[in-house]
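Reader: I would like to learn how to read a structure of this kind. Could we go through it step by step?

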Amino acid sequence: MMVDEVCLSEALLAGAIEVFETMIFMDIRESTAQGQEASRESSSQDGAEQHPKGNTFLGSITFTGDMEGCLGICCSVPCARAIAQNMLGMAQTDELGEAEITDAIGEVANMVMGSFKSRVQKRAGNLNVSIPTVVKGRSLDASVGDASRTVINVNIADEYAAELSLLYRQEKKREN
Amino acid sequence: MAKSIMIVDDSATMRKIIMKTVRAAELDIGETSEAGNGAEALEKLKASAVDIMLCDINMPEMTGPELVKKVRGLPSCAKTKIIMVSTETAQGIVDDVLASGANGYITKPFTPEKFKEKLTPLLN
């Protein structure tokens, strides 16, 4: 069964909300800032970021099966640190190494994938999920050949911008 | 009597989160230990069996179900209760891990209440 983009977008956002509410204890919502598609580096009027800037962490996890692709979450270094601190129940002043932040972002990608998968598996069929990978750098972007791409700009804790992305290609039924 | 518990997950962050969540569940937990992969878990279990093992499914080198089968082959761990903790929700995968010898299954994301619900019957 083919799954439409709206269904996948909704499942991606709902999955992220569940993970952030249950495990990270941070508010996450879709960004509603005007003109964000045209200006990826601009800031919103209320002082919160609209898009992750500078050095970012990109946590991604690939999947194969009836649909194949890659789910990613990209956020700035301060955002990634805040996520890791919240996950571990640490204070903002507590020291946190880059390895711990990397590990935490990988787990976020893993859990969002799990939550997304549980929401779409009835319609999208079986998905086999990889182990997450995390990279740090500037202008990071995931790519999967000719896959369709869904991006949701989100705001975390009314302070940080982040990007949820889903690259996917639906397996075409083979003709015998 | 307080039960000993081992957490097996390749993510150090997730091991800490699980430990934090188990403690928040206010269960009667005594000695705790961790392992970052299946081989390390087996080595520790051979030295000292635990009452409860919480184990990830998707781990490099040795998967959770592979580890469960090996633990079930250890006579000293015959009474060890094994709970899988994973993002996997497909019924086929859940059935497979239970068939491999696990006693229960907790899906991520999880809450202290979910741990309490699954672990309390095993602690009594």
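Author: We can start with overall form. This is a predicted model. A compact globule of 124 residues would have a radius of gyration near 14 Å, and chain B has 13 Å, so the value agrees with that expectation. Along the principal axes, the C-alpha atoms of chain B fill a box of roughly 35 × 30 × 25 Å.

Reader: What share of the residues in chain B is buried?

Author: Of the 124 residues in chain B, 35% are buried. The contacts add to this picture: among those in chain B with a separation of 6 or more, 64% join residues 24 or more positions apart.

Reader: Which helices and strands make up chain B, and how do they run from the N terminus on?

Author: Chain B has five helices and five strands. Read from the N terminus, the order of the elements is β-α-β-α-β-α-β-α-β-α.

Reader: How should I treat the confidence scores?

Author: Where pLDDT is low, the predicted coordinates should not be read in detail. In chain B the average pLDDT is 93, and 100% of the residues score at least 70. For the model, ipTM is 0.86 and pTM is 0.86.

Reader: How many residues does each chain bring to the contact?

Author: The size of an interface is often given as the accessible area lost when the parts come together. Here we have residue counts: chain B gives 16 residues to the contact and chain A gives 23 residues. On the side of chain B that touches chain A, six residues are nonpolar, six are polar and four are charged.

Technical notes
Residues are numbered from 1 along each chain as its sequence is written. Chains are lettered from A and ligands numbered from 1 in the order in which they are written. This is a predicted model: local features need pLDDT of at least 70, side-chain atom pairs count only at pLDDT 80 or more; totals for chains, interfaces and linings use all residues. pLDDT is the predictor's confidence in each residue, from 0 to 100. Two residues are in contact if their C-beta atoms, placed from the backbone, lie within 7 Å. Ala, Val, Leu, Ile, Met, Phe, Trp, Tyr, Cys and Pro count as nonpolar, Asp, Glu, Lys and Arg as charged, and the others, Gly among them, as polar. Helices (H or I, at least four residues) and strands (E, at least two) are DSSP runs, numbered from the N terminus. The radius of gyration is taken over C-alpha atoms; the globule rule is 2.2 Å times the number of residues to the power 0.38. A residue is buried if 20 or more other C-beta atoms lie within 10 Å of its own, exposed if 12 or fewer, and partly exposed in between; C-beta atoms are placed from the backbone.
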